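Me: I would like to go through this structure slowly, asking at each step what justifies the words we use. Could you take me through the reasoning?

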Amino acid sequence: MTSLGGQSPGALPDPPSSGPAPSLTDLLALLAAVAIFCSTLEYLIPKPVPFFRIGFANLPLLVMIRVFRGRHLFSLALAKVLGQGLINGTLASYVFLFSLAGTLASVAVMIGVARAGGNRVSLVGISTAGALASNVVQVSLSVLFIFGPRSWVMAPPFLLLGVVAGVSVGGLAEYLSRRSRWVARITGDYRHILLGRGS
Amino acid sequence: MSLRRQHPWMLRNISARTLFLGGMALLPAYLLQENLTIRFVQVLFFGWCALRAGKRLQWAYFLTIIATITLFHLLIPSGRVLVTLGMLRITRGGLETGLFKALTVVGLVFISLASVRADLRLPGRAGTLAGKIFWSFEQIMERRDQLEPRRLLASGDDLLLGVYEDLLLGGELPSDTLARKGTARRSSLPGSLVVSGIVVLQWVALLGGFF
């Protein structure tokens, strides 16, 4: 099992390795942990404005967007936000609510674009749409609840930065989904879990 | 992010559950507070609590938040003009509203940082999932030295496949992760008293203003 190498979403999964059978909770936990690790890495990168997020934490969601079912993608998004809230300690603050709203909007839009566009839309396009959705929701919430109506002026540069970040993260996700052995393994195991459930 | 920076006394005497419940109990008193001076003192105090809880505070980030929120509220003039800077009239109402809102937002983050600890147990399936997330995250952080810049993808794959295999094998139970070792499962009497005292203090500061 070395590469997904253009494997289509409906293709037969790779056989699982010997050893204990994974559960959906295992897959969600590891993917959420990778998302939190990515957000830790992002923390180290200097940004033009402190509120801006590049969105590396969305990489696990993106590489699984054509693999996972919709409800499992939402579960992964919730697990990611919950884990970030607990580990960073922001669970009881507005940061958590903003993050939750942005992530859920982003996942909903990414699922919609992926389903509607099929293989005609790359992960770059899906990621950009998700980044825009997340930024629109977060900027709207900021304007409504924190900064006040005059702060709409910050929306255009934020959305522009969001597009740039979305393209970059989408490109990285495209590369990983084609080349990563780990992504291939998770993909194969997920499909076996679904087969085992008879769905 | 880890518990390793947390003050040892807190780890030994205050459980994650007590800390979280304490944070939730003082939240209404904090939010209902309307006095700007008390709000300022609260923010400083909760910032100190967050530091004692082992959290790293990015002061530049919080100062930028305060400055930005205040600036946007200054654009809506209200009340007496304090000073005029070119086109901008700094009014007392705008300044107070902006500062109050900014301090409230920053204080909320500090309360959350101080009261939410990585070993907080959530009930049910969410708790099982959270335990596995923490275990996996700790494993990734511990093995991150295995990442090689020259072969980032291959070494990253090896690292994640290794963590995945260990997760499937059960290995260390998620509930006994490194994050939980040496932390209080139940709060001691002094620990409970400290948390209760902080909660009572916030309510006294609020109710004192009404009488």
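Reply: Let us begin with a term: a residue is buried if 20 or more other C-beta atoms lie within 10 Å of its own. Please keep in mind that this is a predicted model.

Me: What makes helix 5 of chain B largely enclosed by the rest of the structure?

Reply: Of its 24 residues, 17 meet that definition of buried, and therefore helix 5 of chain B is largely enclosed by the rest of the structure.

Me: How do you know what helix 5 of chain B should span?

Reply: The expected span is 1.5 Å times one less than the number of residues, so the 24 residues of helix 5 (residues 92–115) of chain B should span 34 Å, and this agrees with its end C-alpha atoms, which are 34 Å apart.

Me: Which residues count as being in contact across chains A and B, and how many are there?

Reply: Two residues are in contact if their C-beta atoms lie within 7 Å, and by that rule 41 residues of chain B are in contact with 37 residues of chain A. Helix 7 of chain B gives the largest share of the side that touches chain A, namely 10 residues, and by class this side of chain B has 28 nonpolar, eight polar and five charged residues.

Me: What does A33(A) touch, and where does the largest nonpolar core draw its residues from?

Reply: Leaving aside residues up to four places away in sequence, A33(A) touches I133(B), S136(B), F137(B) and I140(B). Within the largest nonpolar core, which has 92 residues, A32(A) and A33(A) touch the most other members. Helix 1 (residues 24–43) of chain A supplies the largest share of this core, 12 residues, while domain 1 and domain 2 of chain B each give at least three.

Technical notes:
Residues are numbered from 1 along each chain as its sequence is written. Chains are lettered from A and ligands numbered from 1 in the order in which they are written. This is a predicted model: local features need pLDDT of at least 70, side-chain atom pairs count only at pLDDT 80 or more; totals for chains, interfaces and linings use all residues. Helices (H or I, at least four residues) and strands (E, at least two) are DSSP runs, numbered from the N terminus. A residue is buried if 20 or more other C-beta atoms lie within 10 Å of its own, exposed if 12 or fewer, and partly exposed in between; C-beta atoms are placed from the backbone. Ala, Val, Leu, Ile, Met, Phe, Trp, Tyr, Cys and Pro count as nonpolar, Asp, Glu, Lys and Arg as charged, and the others, Gly among them, as polar. A nonpolar core is a set of buried Ala, Val, Leu, Ile, Met, Phe, Trp, Tyr and Cys residues joined through C-beta atoms within 7 Å. Domain bounds come from an automatic or database domain assignment.
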